[in-house]
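Work through the exercises below with the sequence and model open. Try each task before reading its solution.

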Amino acid sequence: MRRNRPANASRRNFVKLAFCALPVFRFCAPVELYAQGASLDLPSMLRVLLDILVPKDATPSATGLGVDIKILDKLERYKFYKVLVKKGCLWFEQKSIHLYKVSFLKLKESEQIKLMQLAEKSGLRAPEYNFFRALRQDAYIFYYSNPHSWTGLVYAGPPQPHGFPDFHQKPIVQVG
Amino acid sequence: MTYDAIVVGSGAGGAASAYQLSRLGLKVLLLESGPAYNPTVDYQLHTNKWEMAMFPDKTVRQPWYNFGKMQILEKQHETLRSWNHIHGLHNQTMRRLPVRYSHVQGLGGSTLHFTGEAHRLNPASMKLKTDYDVGADWPVSYEDLEQYYVQAENIVGVAGASNDKVRFRSKPYPLPPHPLSFASQKIATACNKLGLSWVQNSLAALSQPYDGRPKCNYCNNCNRGCPRRDKGSADVTFLAKVVPSRCTIKTGCHVLYLKPGKNDQIDGVHYIDEMGKSVFVQATWYIIACGAIATPRLLLNSKNKYAPDGLANESGQVGRNFLESISWTSCAIANEPLGTQRGLPADGICWDFNGPESIPGVVGGCRLSLATSEASLTGPINYANRVVSGWGIQHKQQMRHAFGRVVAIGGIAEQLPNPRSFVDLDKVQVDEFGMPKATIYSHLTEMDIDKLKFMANKTREILQAMDVEAIFEEYGTYDRFNSAHVFGTCRMGESAQDSVVDRFCCSHRWRNLSIVDASVFPGTGGGEAPSLTIEALALYACETIYRRIVRKDVQDL
């Protein structure tokens, strides 16, 4: 009986092929796992990403002002946003495994920052850029709506009810 | 109740008409499609979410207009594309993008969110056909309107410097001008270096307490609604002064059509009230004041056997001659703290190029003014998202450096009518009441584009003369339709062949119909804000309308 084996196929070659396929399988595995319903730790990932965008210095970090909670709330209200954030976080996870062989949450901060830089640079058509852009925008909307973020800005809060009776004078540059 | 007049729309024209007619002793019904706004409650300027709240839109209606296909953007005009240093091009496509027609449906109309500029037209821009053989002449003169400008300024409470050499004044402004903000003082210095002037703008914001309203406290956010009532929007001025026993105001009332009848008279108005009930109401006279897009839409939707081409459209001009604001804004970071979140929007202005001959190679002028507030760059969220690039600690540090340093200078120019800009009824789409929506067809000519280039160059020159750190954002109407001021679609004129209304805003044919809004403007002017002219025109026209009603020139209904 004839077998239609590839010309050089042999048991040894088969094992070699299997080993070569392993890294590809490892890259794909998380996708398959997540596709099958294994979930990213979305809240934890968001907290880390947000605190990279808005870290703590003289003023609190993003999570220090509850920005993560606001964004998680937005996820629940807007389906398209949830999809965008999930895809974005999935990208970070996949990239982390691809470049560093570990999960994003286990990376060093400098490595996490590096991935953020990659997302930012990936350009308009890339879904990770859209996620980066949306997250950055929302981070700043929620962060700078909070009075505790204004320390250090020459900004004392909403324009009413006091207005700016000194508008025609040189501004006094002191912290808000 | 029987009404002498029904006014449809409560913006600058409708409010001033209702005021004038009720003051003259007539019984008026004012129908407004949108809701009333409570300045103390509805405007968000005292809350932490003020910056993202913008002007609060309380309407629940579906959009009633859309856009026709926009023109292709040409490579040779790449420098006029709108961009931001962080986000790139605002419009990533190769076709002009319809963003929106910026208006308010509410009691007071678009004056509720207007910047508060109070301008008289340059008399030289009212005779473009005679003097330059372009556009159309106004059938009224500046002199005809002058005393009504005075009246409107007194009712609104306009603060200005009464030294305008171009626009003759019989009386000074009722209020002294506002001081220039610190930022505008710096701009003035830069302009002087360039041989340009930068002067105090005339504003419908009180520089002193006036007429029971407080003076402005310079919060710099007129476009988000004024909770103090110091901005002279129509609701706190004209509508607050209507004679209550003679003027009935109904909000939430959406007029579907007027009913043209026999003997060239309108028989009545059909509207849906705020409870959803269909109502037919009659008056001796009908005044339409819905703005240059809604007014032609209403007229075209009012066709019947007596007006087969739409009401008052015997000339074919209803919806034609659509004019928009051609505008440009350049935004930069100054090299020193200016506190630009403070003051009044557009407090300083350059009128040097406002006359029709002022811009080389084109007919029609422009003005340049402070635009930081109109660019929505007075709060930390917009700084974080548009001004300061990057993220992380560096972003926070840059925020502390940059806040209060943004200065934006904008320009608005005259547009001349062209046959590719018009408003028509949509052939397919209808609103929630089954009435065809309006479709806006907007086209910029080469002359319009030349004016945009002129304004872009001038704003950049001024910012350079200020020695700014960098220009970080620019946007204009070359690649995006985003207009608040629209005009021309029911233009006034001497001849019934090529205009819709006469010099008194009365229909050439229909004996009890007037139109009193910017749709009657034959021209835009050289960038002047239109509300004061609309109000003056309404006061002027309503004196004639009153005489015609009282003399019973129209058959009793």
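Helix α1 (residues 12–23) of chain B lies across β1, β2, β8 and β12 of chain B. The helix runs at about 165° to β2(B). Contact here means heavy atoms within 4.5 Å. Axes are lines fitted to C-alpha atoms, for helices over the stretch in contact, and angles run from 0 to 180 degrees between N-to-C directions. Helices (H or I, at least four residues) and strands (E, at least two) are DSSP runs, numbered from the N terminus.

This is a predicted model: local features need pLDDT of at least 70, side-chain atom pairs count only at pLDDT 80 or more, and totals for chains, interfaces and linings use all residues. Residues are numbered from 1 along each chain as its sequence is written, chains are lettered from A and ligands numbered from 1 in the order in which they are written, and side-chain values use heavy atoms, with hydrogens and water left out.

**Exercise 1. The parallel sheet**

Task: give the order of the strands in the open sheet of 5 strands in chain B, and find its edges.

Solution.
- Step 1. Take the pairing rule: two strands pair if DSSP finds at least two bridges between them.
- Step 2. Start with β1 (residues 3–8) of chain B, which pairs with β12(B) in the parallel sense over 5 bridges. Within that pair, B:V7 has B:I287 as its bridge partner.
- Step 3. On to β2 (residues 28–31) of chain B: 4 bridges pair it with β1(B), again in the parallel sense. Here B:I6 is the bridge partner of B:L29.
- Step 4. Add β23 (residues 513–515) of chain B, paired with β12(B) in the parallel sense over 3 bridges. B:L513 of β23(B) stands opposite B:Y286.
- Step 5. Read off the order: β8-β2-β1-β12-β23 (chain B), with parallel pairing.
- Step 6. The edges are β8 (247–250) and β23 of chain B; each has a single partner strand, so one side of each lacks a neighbour in the sheet. On average, neighbouring strands are turned by 20° against each other, direction ignored.

**Exercise 2. Cover on the sheet**

Task: which helix lies across β1, β12 and β23 of chain B, and how many residues of β12(B) are buried?

Solution.
- Step 1. The helix is α11 (residues 531–550) of chain B, running at about 160° to β12(B).
- Step 2. Set the burial scale: buried means under 20% relative accessible area, exposed over 50%, partly exposed in between (1.4 Å probe, protein chains only).
- Step 3. Strand β12 (residues 283–288) of chain B has 5 of its 6 residues buried, so mostly covered is the right description.

**Exercise 3. The nonpolar core**

Task: which residues touch the most other members of the largest nonpolar core?

Solution.
- Step 1. A nonpolar core is a set of buried Ala, Val, Leu, Ile, Met, Phe, Trp, Tyr and Cys residues joined through side-chain atoms within 4.5 Å.
- Step 2. The largest has 85 residues; B:I6, B:F238, B:L258, B:L513 and B:L537 touch the most other members. Helix α11(B) gives the largest share, 11 residues.
- Step 3. Residues touched by B:L537 include B:W138, B:M492 and B:F521, not counting those up to four places away in sequence.
- Step 4. Another core, of 59 residues, lies apart; among them are A:A119 and B:F403.

**Exercise 4. Strand β20(B)**

Task: which residues are bridge partners of B:E474?

Solution.
- Step 1. Strand β4 (residues 83–84) of chain B pairs with β20(B) in the antiparallel sense over 2 bridges. This gives B:W83 as a partner of B:E474.
- Step 2. Strand β14 (residues 326–333) of chain B runs antiparallel to β20(B), joined by 6 bridges. This gives B:S330 as a partner of B:E474.
- Step 3. Check the surroundings: β20 (residues 470–476) of chain B is largely enclosed by the rest of the structure, because 5 of its 7 residues are buried.

**Exercise 5. Cysteines**

Task: how many disulfides are there over all chains?

Solution.
- Step 1. A disulfide is a pair of cysteine sulfur atoms within 2.5 Å.
- Step 2. The count is 0 over all chains.
- Step 3. Test B:C222: its closest cysteine sulfur, in B:C216, is 6.0 Å away, too far for a bond. B:C222 is buried at 10% relative accessibility.
- Step 4. Test B:C490: the nearest cysteine sulfur, that of B:C290, is 9.8 Å away. B:C490 is buried too, with a relative accessible area of 0%.
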